[in-house]
Amino acid sequence: MDRDVESDPEAESTYECLGCGHMATETNHPTDCPECGDTMRNRGTPFE
Ligand SMILES: [Zn+2]
């Protein structure tokens, strides 16, 4: 149990800033919002 298996590790997921609502699509979980530095939350795989 050394990896988050909720999605393909190569797949991009969408993250939303809890502070300013900035959206980012990343393959790795961004630790901080690039806009305001608040926490980024995983919103799951984006719709195609
Ligand atoms: Zn932000």
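## Cys17 and its contacts

Setting aside residues up to four places away in sequence, Cys17 is in contact with His22, Cys33, Cys36, Asp38, Thr39 and Met40. Everything described here comes from a predicted model, so please read each value as computed from that model. Two of the names in this contact list, Cys33 and Cys36, return below as partners of Cys17 in holding a metal ion.

Cys17 is buried, and Cys33 is buried as well. Both belong to the largest nonpolar core, a set of five residues made up of Tyr15, Cys17, Ala24, Cys33 and Met40. Met40 therefore appears both in this core and among the contacts of Cys17.

## The zinc site

Which residues hold the zinc ion? The protein donors are the SG atoms of Cys17, Cys20, Cys33 and Cys36, lying 2.3 Å from the ion. Along the chain, these donors follow the spacing C-x2-C-x12-C-x2-C. Cys17 and Cys33 link distant parts of the chain: Cys17 sits in strand β1, which covers residues 13-17, while Cys33 sits in the loop between β2 (23-26) and β3 (40-44). The two are 16 residues apart.

What is the geometry of the site? The angles among the four donor atoms run from 101 to 116°, and the site of the zinc ion is tetrahedral. For comparison, the ideal angle at a metal with four tetrahedral donors is 109.5 degrees.

Gly19 is a useful landmark here, found in the loop between β1 and β2. Gly19 is partly exposed, because its relative accessible area of 46% falls between the limits of 20% for buried and 50% for exposed. From C-alpha to C-alpha, Gly19 and Cys33 are 8.4 Å apart in space, with their positions 14 residues apart in sequence.

## The overall layout

With the metal site in mind, it helps to step back to the whole chain. The protein has three strands and zero helices, and from the N terminus its elements run β-β-β.

How much of the protein is buried? Of its 48 residues, 19% are buried. The protein exposes about 3900 Å², and carbon and sulfur atoms supply 44% of that area. Among contacts with a separation of 6 or more, 26% are between residues 24 or more positions apart.

## Salt bridges around Glu16

A search of the whole structure finds two salt bridges. One joins Arg41 and Glu16, with the closest N and O atoms 3.6 Å apart. This pair links distant parts of the chain, since Arg41 lies in strand β3 and Glu16 in strand β1, 25 residues apart. The other salt bridge joins Glu16 and Arg43, with the closest N and O atoms 2.8 Å apart. Glu16 is in strand β1 and Arg43 in strand β3, so this pair ties together parts that are 27 residues apart in sequence. Through shared partners, the salt bridges join Glu16, Arg41 and Arg43 into one network.

Are the members of this network buried or exposed? Glu16 counts as buried, because its relative accessibility of 19% is under the 20% limit. Arg41 is partly exposed, with a relative accessible area of 45%. Arg43 is also partly exposed, at 47%.

## Two residues of strand β2

Met23 has its place in strand β2 and counts as partly exposed at 42% relative accessibility. Leaving out neighbours within four places in sequence, Met23 is in contact with Thr14, Tyr15, Glu16 and Arg43. Among these contacts are Glu16 and Arg43, which also form a salt bridge with each other. Met23 and Arg41 are 18 residues apart in sequence, and their C-alpha atoms are 9.4 Å apart in space.

Glu26 is found in strand β2 as well, and at 34% relative accessibility it counts as partly exposed. Which residues does Glu26 touch? Not counting residues up to four places away in sequence, Glu26 touches Ala11, Glu12, Ser13 and Tyr15. Glu26 and Thr14 are 12 residues apart in sequence and 6.5 Å apart in space, C-alpha to C-alpha.

Conventions
Residues numbered from 1 in each chain as written. Predicted model: local features only at pLDDT ≥ 70, side-chain atom pairs only at ≥ 80, totals over all residues. Heavy atoms only, no water. Donors = N, O, S within 2.8 Å, 3.2 Å for Na, K, Ca; no water. Tetrahedral: all angles 85-135°; square planar, octahedral: opposite > 155°, others 65-115°. Helix = DSSP H or I, 4+ residues; strand = E, 2+ residues; numbered from the N terminus. Buried < 20%, exposed > 50% of the residue type's maximum accessible area, 1.4 Å probe, protein only. Core = buried A, V, L, I, M, F, W, Y, C linked by side-chain atoms within 4.5 Å. Contact = heavy atoms within 4.5 Å. Salt bridge = Lys/Arg side-chain N within 4 Å of Asp/Glu carboxyl O. Areas by Shrake-Rupley, 256 points an atom, 1.4 Å probe, with all protein chains shown as cover.
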